[in-house]
Amino acid sequence: MDTHEIYRYAKQWIVEAGERIEKSFKETLDVETKSNRNDLVTNMDKETEQFFIKKINETFPNHKILGEEGFGDELESLKGVVWIIDPIDGTMNFVHQQRNFAISIGIYEDGIGKIGLIYDVVHRELYHAIKGEGAFLNEAPLDKLQEVPVQNAIIGVNATWVTANRRIDPAILGALVKDVRGTRSYGSAAIEIASVAAGRLDAYITLRLSPWDFAAGLVLVEEVGGVASTLRGEKINLLKQNSVFFSKPGLHEAVLKDYLKDGNW
Ligand code: IPD
Ligand code: CA
Ligand code: CA
């Protein structure tokens with residue numbers, strides 16, 4: 001694959017898609033719910049995914065596409081070149097706030113993350129990386145992540161996981177939340193993972209994300225020396241839902257050992 005050519009196109013298309021989304025602010029949105037009353041989708045989520053699919057099919061007809069809204073391919077493996085796309089990550093923010101949402105695109109070749117792009121549309125912040133060639137926020141290179149102790153860390157975590165829920169005893173992450181310097185919850189997993197890559201958050205933890213939520217972020221975080229795994233310390237699977245833990249080094253090991261007790265929960 002010609003990584004640089006794909007990268008040039010992907011960056012151009014993501015900015016163009018962002019302009020289309022911003023133009024839609026003046027129009028009335030068509031909002032529907034999906035799996036539950038808080039799981040929103042709009043006409044712009046669908047239109048944006050279709051925009052990318054058309055561009056990719058025209059330019060790279062052999063590439064495959066895994067998109068959240070289901071207009072792409074049904075994939076059983078990551079063989080070949082696969083674009084993993086979340087057309088709008090943070091749809092609830094898009095609908096309620098008209099900001100704090102992002103377009104997320106991870107491009108993988110035979111299962112290896114080659115390109116990561118996360119575009120925070122309204123703030124005009126494009127996080128981008130090619131594996132092995134450094135990560136950037138717009139034109140500025142991102143620094144390698146340094147170790148941080150738990151008590152100095154700001155972590156991204158949703159209140160869901162420290163109140164009664166179906167996936168984890170709230171006391172487990174509750175203990176971590178008490179010990180860290182602070183917590184944040186932005187409502188867009190892609191922005192939260194990009195924030196780890198940019199050093200704005202020291203870690204991001206959540207119990208259930210889909211491949212399109214983290215595919216781009218994984219490339220970005222690994223490119224700056226961050227650590228990514230499930231909450232049990234396993235490798236993240238790009239074809240299914242996972243718990244995820246993106247972090248600065250050092251903090252990752254400490255949290256797994258001292259709070260998640262080496263997967264003993
Ligand atoms: C959601 C956002 C949210 C996260 C959810 C995701 P969507 O994505 O990333 O922050 O907590 O798990 O599903 O539905 O807005 O693309
Ligand atoms: Ca998402
Ligand atoms: Ca989405």
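**Two calcium ions, a sheet and its pockets**

At 24% relative accessibility, E68 counts as partly exposed, a label that covers the range between buried (under 20% relative accessible area) and exposed (over 50%), worked out with a 1.4 Å probe on the protein chains only. This is a predicted model, in which local features need pLDDT of at least 70 and side-chain atom pairs count only at pLDDT 80 or more, while totals for chains, interfaces and linings use all residues. Residues are numbered from 1 along each chain as its sequence is written, chains are lettered from A and ligands numbered from 1 in the order in which they are written, and side-chain values use heavy atoms, with hydrogens and water left out.

E68 makes a handy starting point, as it belongs to a metal site. Together with D86 (OD) and I88 (O), E68 (OE) is a protein donor of the calcium ion (ligand 3), at 2.1 to 2.3 Å. Donors here are N, O and S atoms within 2.8 Å of the metal, or 3.2 Å for Na, K and Ca; water is not among the atoms, so sites may look incomplete. Along the sequence, the donor residues of ligand 3 follow the spacing E-x17-D-x1-I. E68 sits in the loop between β3 (64-67) and β4, whereas I88 is in strand β4, so the pair ties together parts that are 20 residues apart in sequence. In contrast to the partly exposed E68, I88 is buried, its relative accessible area being 1%. Helices (H or I, at least four residues) and strands (E, at least two) are DSSP runs, numbered from the N terminus.

What does the calcium ion (ligand 3) share with the calcium ion (ligand 2)? The two ions are 3.7 Å apart, and D86 coordinates both. For ligand 2, the protein donors are D86 (OD), D89 (OD) and D213 (OD), which lie 2.1 to 2.2 Å from the ion. Their sequence spacing reads D-x2-D-x123-D. Distant parts of the chain are linked this way, with D86 in strand β4 (residues 81-89) and D213 in helix α6 (residues 211-223), 127 residues apart. Both D86 and D213 are buried.

Strand β4 also takes part in a sheet. Seven strands make up this open sheet, running in the order β3-β4-β5-β6-β7-β8-β9 with mixed pairing; two strands pair if DSSP finds at least two bridges between them. The edges are held by β3 and β9 (140-141), each with a single partner strand, so one side of each has no neighbour in the sheet. Further in, strand β5 (residues 102-109) runs antiparallel to strand β6 (residues 112-120), and eight bridges join the two. Within this pair, G106 faces G116 of β6.

Among the helices, α5 (residues 189-197) is mostly covered, with nine of its nine residues buried. The buried set includes the charged residue E192 along with I191, I193 and V196. After α5 comes G199, with a positive phi near 75°.

Next come the empty spaces. They are mapped on a 1 Å grid over the protein atoms alone: a cavity is a set of points where a 1.4 Å probe fits but cannot get out, a pocket is an open set with protein on both sides within 12 Å along at least five of seven lines, and lining residues have an atom within 4 Å of a point. Grid points are joined across faces, edges and corners, and a volume is the space filled by probe spheres set on the points.

The largest pocket holds about 1,200 Å³ of space. Its lining counts 36 residues, with N38, D39, N158, R208 and L209 nearest the centre. Two or more lining residues come from each of β4, α3 (91-97), α5, β12 (203-209) and α6, and β12 gives the most, four residues. By class, this lining has nine nonpolar, 15 polar and twelve charged residues. Here Ala, Val, Leu, Ile, Met, Phe, Trp, Tyr, Cys and Pro count as nonpolar, Asp, Glu, Lys and Arg as charged, and the others, Gly among them, as polar.

About 300 Å³ lies in the second largest pocket. Of its 13 lining residues, Y108, G113, K131, L218 and E222 are nearest the centre. Helix α6 turns up again, giving the largest share of this lining with four residues. The classes here are seven nonpolar, two polar and four charged.

Finally, the structure holds one cavity of 30 Å³ or more. The largest cavity contains about 30 Å³ of space, and S24, E27, T28, L29, N43 and M44 line it. That lining splits into two nonpolar, three polar and one charged residue.
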